[in-house]
Amino acid sequence: MAQLIDIIRVVVDPEYLTATVRVSNDAPLMTSEDLEGTTRVYNLMPTIINHACVGDAGSTFKDCMGDTELAHLLEHVTVELLSRTNLVNEVVAGRTWRELAYDRTFSIQLDCVDDVLVAGALSSAVWIISWAFTGGAGPVPDVDATVAGLVQLVQSMPADGAPIDDQYDDRYDDRYDDEYDRYDDKYDKYDEYDEYEEEQLDRGPRMSQKIF
Ligand SMILES: [Zn+2]
């Protein structure tokens with residue numbers, strides 16, 4: 001299956017993830033050029049038509065889904081995947097615009113709730129669009145499994161977003177602390193033993209017992 005949309009560049013800032021994408025020469029630029037493909041996407045995720053969508057034909061995506069840029073459909077598929085993860089408290093908003101300086105190139109800006117999650121959802125959405133607009137051959141994308149995979153991806157990341165190096169350092173420090181505590185305990189026992197031995201010696205020449 002050909003990849004119909006290439007993600008050329010992704011820029012992450014605290015507010016947004018902005019992806020620049022290029023729609024391949026083999027792909028329709030508009031959903032109206034392949035309504036069967038558009039219907040395949042609708043059948044996978046019918047709730048997509050309820051998305052708020054301003055600036056196009058109406059106030060919901062339903063009003064423009066059949067005649068809008070493929071990149072705009074990609075934006076809404078991404079938003080739908082994100083909302084289904086239940087990891088997002090607020091509704092994720094997106095905007096898509098054409099980069100007029102470049103051929104078949106668009107920018108998609110999404111609320112950056114979690115850069116790993118949003119980037120993952122975007123690439124899953126590219127896969128869904130590619131399937132839908134290349135005749136829908138092969139296995140039908142499993143949206144639930146895709147969403148579950150995204151949740152798993154995010155949950156496997158460091159919770160506080162700390163770089164892996166820091167995580168490693170923390171783990172290393174923890175281990176070092178444990179080691180130190182064990183050594184300390186042992187050392188205390190040595191002290192106890194010494195005291196015990198002194199006591200025994202004070203009492204006279206007797207065999208002392210090992211206490212550890
Ligand atoms: Zn929209």
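# A tour of the helices and two unusual loop residues

Select Glu36 and Asn43 to begin: both are exposed, and both sit on the side of α1 that lies opposite its buried residues. As you look around, keep in mind that this is a predicted model.

**The whole chain**

Colour the protein by secondary structure, and you will find 5 helices and 4 strands, which follow one another along the sequence in the pattern β-β-α-α-β-β-α-α-α. If you then colour by burial, the buried residues account for 26% of the 212 residues in the protein. Of the contacts between residues at least 6 apart in sequence, 61% join residues at least 24 apart.

**Helix α1, the buried side**

Return to α1, which spans residues 35-44, and select Gly37, Thr38 and Val41, which are buried. Looking down the axis of α1, you will see that its buried residues fall within an arc of 100°, so they line one face of the helix. The general background is that an α-helix has 3.6 residues a turn, so residues three or four places apart point the same way. The buried residues of α1 pack against α2 and against α3, the latter running over residues 115-132.

**Where α1 meets α3**

Show α1 and α3 together, and draw their axes if your viewer allows it: the axes come within 8 Å and cross at roughly 130°. The two helices, α1 and α3, are therefore oblique to each other, and α1 passes α3 in a right-handed crossing. For the contact itself, select Gly37, Arg40, Val41 and Leu44 in α1, which meet Ile128, Ile129 and Ala132 in α3. The residues of this contact of α1 with α3 divide into 5 nonpolar, 1 polar and 1 charged.

**Where α2 meets α3**

Hide α1 and bring in α2, which covers residues 70-84. What angle do α2 and α3 make where they pack? The angle is about 125°, and the axes of α2 and α3 are 8 Å apart; α2 and α3 are therefore oblique to each other, and their crossing is right-handed. On the α2 side of the contact, select Leu70, Leu73, Leu74, Val77, Thr78, Leu81 and Leu82; the residues they meet in α3 include Leu117, Val118, Ala121, Leu122 and Ser124, and also Ala125, Val126, Ile128 and Ile129. By type, the residues of the contact of α2 with α3 divide into 14 nonpolar, 2 polar and no charged.

**Where α3 meets α4**

Keep α3 in view and add helix α4, residues 143-155, whose axis comes within 9 Å of that of α3 and crosses it at roughly 155°. An angle over 145 counts as roughly antiparallel, and that makes α3 roughly antiparallel to α4. The crossing of α3 and α4 is right-handed. To see the contact, select Val116, Leu117, Gly120, Ala121 and Ser124 in α3, which meet Thr146, Leu150, Leu153 and Val154 in α4. The residues of the contact of α3 with α4 divide into 6 nonpolar, 3 polar and no charged.

**Arg22 in strand β2**

Leave the helices and select Arg22, which is found in strand β2, residues 16-23. Is Arg22 buried, exposed or partly exposed? Arg22 counts as partly exposed because it has 19 C-beta neighbours inside 10 Å, whereas a residue is buried if 20 or more lie within that distance. Next, select Phe106 as well: Arg22 and Phe106 are 84 residues apart in sequence, yet 6.3 Å apart in space, C-alpha to C-alpha. Leaving aside its neighbours within four places in sequence, Arg22 is in contact with Asp6, Ile8, Arg104 and Thr105.

**Two residues with positive phi**

One of those partners, Arg104, is the next selection. Arg104 lies in the loop between β3 and β4, where β4 is residues 105-111, and its phi is near 50°, a positive value in a residue other than glycine. As general background, most residues other than glycine have a negative phi. Arg104 counts as partly exposed because it has 18 C-beta neighbours inside 10 Å.

Finish at Asn86, in the loop between α2 and β3, the strand of residues 94-98. Asn86 has a positive phi of about 60° although it is not a glycine. Asn86 is exposed, with 9 other C-beta atoms within 10 Å.

Note on methods
Residues are numbered from 1 along each chain as its sequence is written. This is a predicted model: local features need pLDDT of at least 70, side-chain atom pairs count only at pLDDT 80 or more; totals for chains, interfaces and linings use all residues. A residue is buried if 20 or more other C-beta atoms lie within 10 Å of its own, exposed if 12 or fewer, and partly exposed in between; C-beta atoms are placed from the backbone. The arc is that of the directions from the helix axis to the C-beta atoms. Two residues are in contact if their C-beta atoms, placed from the backbone, lie within 7 Å. Axes are lines fitted to C-alpha atoms, for helices over the stretch in contact, and angles run from 0 to 180 degrees between N-to-C directions. Angles under 35 degrees count as roughly parallel, over 145 as roughly antiparallel, 65 to 115 as roughly perpendicular and the rest as oblique. A crossing is left-handed if the near helix is turned anticlockwise from the far one by less than a right angle, and right-handed if clockwise. Ala, Val, Leu, Ile, Met, Phe, Trp, Tyr, Cys and Pro count as nonpolar, Asp, Glu, Lys and Arg as charged, and the others, Gly among them, as polar.
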